Amino acid sequence: MMNRQALFTKIIFIAMVSGIVLFQGCVANDVNTIEAERFVKEKDFDAAVEYYNKALQEYPDNLELKIKLKEVKQKASMQHMRTAQEFISKHYFREAIEELQLSIAFYSSNHRAIELVDSVKKMKESFYYTKRGNKKIKTGDFENARKSFQKALKLNPENQEAKAALDKFKKKLENLPEYRLDLRSNAPISLKFKKTPLLNVFEILSKLAGINFIFDKDLKESKVTLFMTDVKFDRFLSVLLETNSLKAKMINSKTMLIYPDTPAKAKEYDELYVKTFYLSYLKSKKALPILTKILKTKNIIANEKLNAITVRGQKEIVEMAAKIIEANDRTPSEVILNVEIMEVRRTKEKDLGLSISETITFGAGETSSGISNDSQFAPMASLFDISKIASKELYLSLPTATLKLLKKDGDTKILAKPQIRVSSSEKASILIGEKVPLRSNRVVQTDGATTYDYVYQDIGVKLTVEPVVNMYEQVSMKLVIEISTLGSNVGTILDPQFAIKTRTIDTALTISDGDSVIIGGLIEDADRTTTQVIPWIGELPGIGSLFATESSEVVKTDILMTITPVIIRNQDIPESDISGFWSGNENQVSMKEPAEEKIIKATNFNDAPLEDYLMVIEEDEFLPSDNYFSVQVYSSKDEMDAEKKSEALENMDYKTWVRPAQVGDKGIFYRIFVGQYDSYQKAEEARQKMLKKIIFPKDIHIVDRTYVYGE
């Protein structure tokens, strides 16, 4: 009885010690995890990464921590990239490059950040040439100013400041006549007709301008009522033709052919133009119905081998086709899908309880004086010897009891970490596994020979994904995940037919650029339990479990998959004049603006920009944004002293400028400002950092635009 109590005491002691050790480990893990999760809620992903790393140092095999760390690293990477984009918008290119480098350090597969580094370097150089152009304007060197703006625009076509500056060099738009006629005079004319025969009107115009008119045989006589004052001859002629459903064709600079504006006459007189467009991204087969539907013409042919479209029609139709093709044949969005496929095989084995020998052996041997480990049973004996056996010569094997305290857990294996680069709206697929040949048909030949046909079946993990990138930097994905394994043979040994176990997920979801989605739950279970008891004793209620042993094995196989889309190229959107233009009415194709004549734009440059732009450059030489906060760090009555201090801060990578201000009766002071922040909070954070450096005085303070410019 005492031995049994001692045994239970030992068991309880071991359980308590094990529980304390496990509890301490959990507490350590909880501390780091709780801190990490707190920082995640605060969106301080850098700190969250630090604490998850600490947790993983103590528990390097913890799958959940690994997944969370990877997810937080990706979020930190995207956060730094978004910060870089904010810096880019403010022209803080050095800071933007630093943020992008951090983004790449957290997530080396962030290809968008990698590409942005090169773009930012070009933006930085483009910004330099823009500022250089502004300085050249101030000094009157207009030619080199224009060249600087052109170089800035070449480095960065999206440089709106350089584009706007270059536009100021352009000449004013010129309204050129639709018909280039050799008129007697270009002076405006004033004409009034009331129910005048149409041919009489043209006769008057011919005498007035010295132009010859030829009329189509099907031209119908009609009455004209038209009053126009101080207009160009070209404008009067256009209105006359339009209001009488007529069209004109120039024979030469002195002669015009007038004919009815009908489809039949258009086929007879309109000159047709043929042009072939070679497409880059849009398939010609898909472009054909778009052009046919919009242009309402059948004179369009697709060449699928060359991926080209050939259009024949009036010049305006061809020009419209060019705009439609340019608007649709754009570089598609592209996304990299970072996929990680893990197999979690959780095998739980438990072997708990008291295991007692299953057999007891009875036999005879040499005479023994006590219990011995060397005693052996005699294999054979005569009947005479058996009749004289004493109790010291009889042997009985002693039952043994073993206390089993065994518990095992499983492991995690990464099956693959592929990266797929795919265009928006296109399908991509991955197969992690193999193609297994399976019998499909059995054929018996005429000579009795038997042959088999085989089909190859994909066995393993198969992922099919179709991403679509929208304008809000989000990725919509259609996902199909299939996990298949070979099952048991449901046929015969001679004609095997294997079952295929399949687990499938079919879903659609939308996530932001750089975020991760985790898909799991594709679990396969197998449970086995074995119990061994001593007859009768093990079946007694209460104490029976003390004389029994129970073995259990639970095998759970789960497939976890993380998918992280990273947009490396957004949708290329055309300019507004390409994506939208006038196209006439239902009966007539025309790219003219309603009620206005066609304007041909000249793009020659003047020697100098417009005067109003020169005034803006002189006045607005400080910050590009009107809404900001800055930090005033110094104030001096000596302009040279203020400029030197400003230059010293510039050499330390601070963005500074000097602004004079009249301070009451004290005179003019030159104030030095640092930074440009879009919120008071950000300006305060910068001020606190400055206060930690001895180069700044303690009385630096935050100001807004009103204070800086005295508005």
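In this predicted model, the largest nonpolar core contains 28 residues, and those with the most contacts inside it are Phe202, Leu205, Phe236, Leu237 and Leu240. Two or more residues apiece come from strand S1 (189-197), helix H8 (198-209), strand S3 (223-231), helix H9 (233-243), strand S4 (246-252) and strand S5 (255-260). Of these elements, H9 provides the largest share, six residues. Leu237 gives a good view of the packing: beyond residues up to four places away in sequence, Leu237 touches Tyr179, Leu181, Phe202, Phe213 and Met256. A second core, separate from this one, has 25 residues, among them Val422, Met477, Ile559 and Ile567.

Phe202 also appears among the contacts of Phe215, a residue of strand S2 (residues 212-215), which meets Leu199, Phe202, Leu257 and Ile258 when neighbours within four places in sequence are left aside. With a relative accessible area of 31%, Phe215 is partly exposed, so it falls outside the under-20% cut-off for a buried residue. The C-alpha atom of Phe215 lies 6.2 Å from that of Tyr259, although the two residues are 44 apart along the chain.

Val422, a member of the second core, is in turn a contact of Ser333. Ser333 sits in the loop between helix H12 (315-328) and strand S9 (334-356) and is buried, because its relative accessibility is 0%. Its other contacts, again without neighbours within four places, are Ser423, Ser424, Val469, Arg569, Asn570 and Gln571.

Helix H12 also belongs to the surroundings of a smaller piece of architecture, an open sheet. Three strands make up this sheet in the order S6-S8-S7, with antiparallel pairing. Strand S6 (273-278) and strand S7 (300-303) form the edges, each pairing on one side only. On average, neighbouring strands are turned by 15 degrees against each other, direction ignored. Six bridges join S6 to strand S8 (residues 308-313) in the antiparallel sense, and Lys275 has Val311 in S8 as its bridge partner. Two helices lie across these strands: helix H11 (residues 284-295) covers S7 and S8 at about 175 degrees to S7, while H12 covers S6 and S8 at about 10 degrees to S6.

Turning to charged side chains, the whole structure holds 20 salt bridges. In one of them, Glu35 and Arg38 bring their closest N and O atoms to 2.8 Å. These residues are separated by about one helical turn, because they are three residues apart in helix H1 (residues 2-41). Helix H2 (residues 45-58) holds Lys54 and Glu50 four residues apart, about one turn of the helix, and their closest N and O atoms are 3.8 Å apart in a salt bridge.

The salt bridge of Asp513 with Arg112 has a closest N and O distance of 2.7 Å. Asp513 lies in the loop between strand S18 (498-512) and strand S19 (517-519) and Arg112 in helix H5 (residues 111-138), so this pair ties together parts 401 residues apart in sequence. Both Asp513 and Arg112 are buried. Elsewhere, salt bridges with shared partners link Asp216, Asp218, Lys265 and Glu268 in one network.

Over the chain, the secondary structure comes to 18 helices and 25 strands. Of its 711 residues, 35% are buried. Among contacts with a separation of 6 or more, 68% involve residues 24 or more positions apart. The chain exposes about 44,600 Å², with carbon and sulfur atoms supplying 53% of it.

Conventions. Residues numbered from 1 in each chain as written. Predicted model: local features only at pLDDT ≥ 70, side-chain atom pairs only at ≥ 80, totals over all residues. Heavy atoms only, no water. Buried < 20%, exposed > 50% of the residue type's maximum accessible area, 1.4 Å probe, protein only. Contact = heavy atoms within 4.5 Å. Core = buried A, V, L, I, M, F, W, Y, C linked by side-chain atoms within 4.5 Å. Areas by Shrake-Rupley, 256 points an atom, 1.4 Å probe, with all protein chains shown as cover. Pairing = 2+ DSSP bridges. Axes fitted to C-alpha atoms, helices over the stretch in contact; angles between N-to-C directions. Salt bridge = Lys/Arg side-chain N within 4 Å of Asp/Glu carboxyl O.
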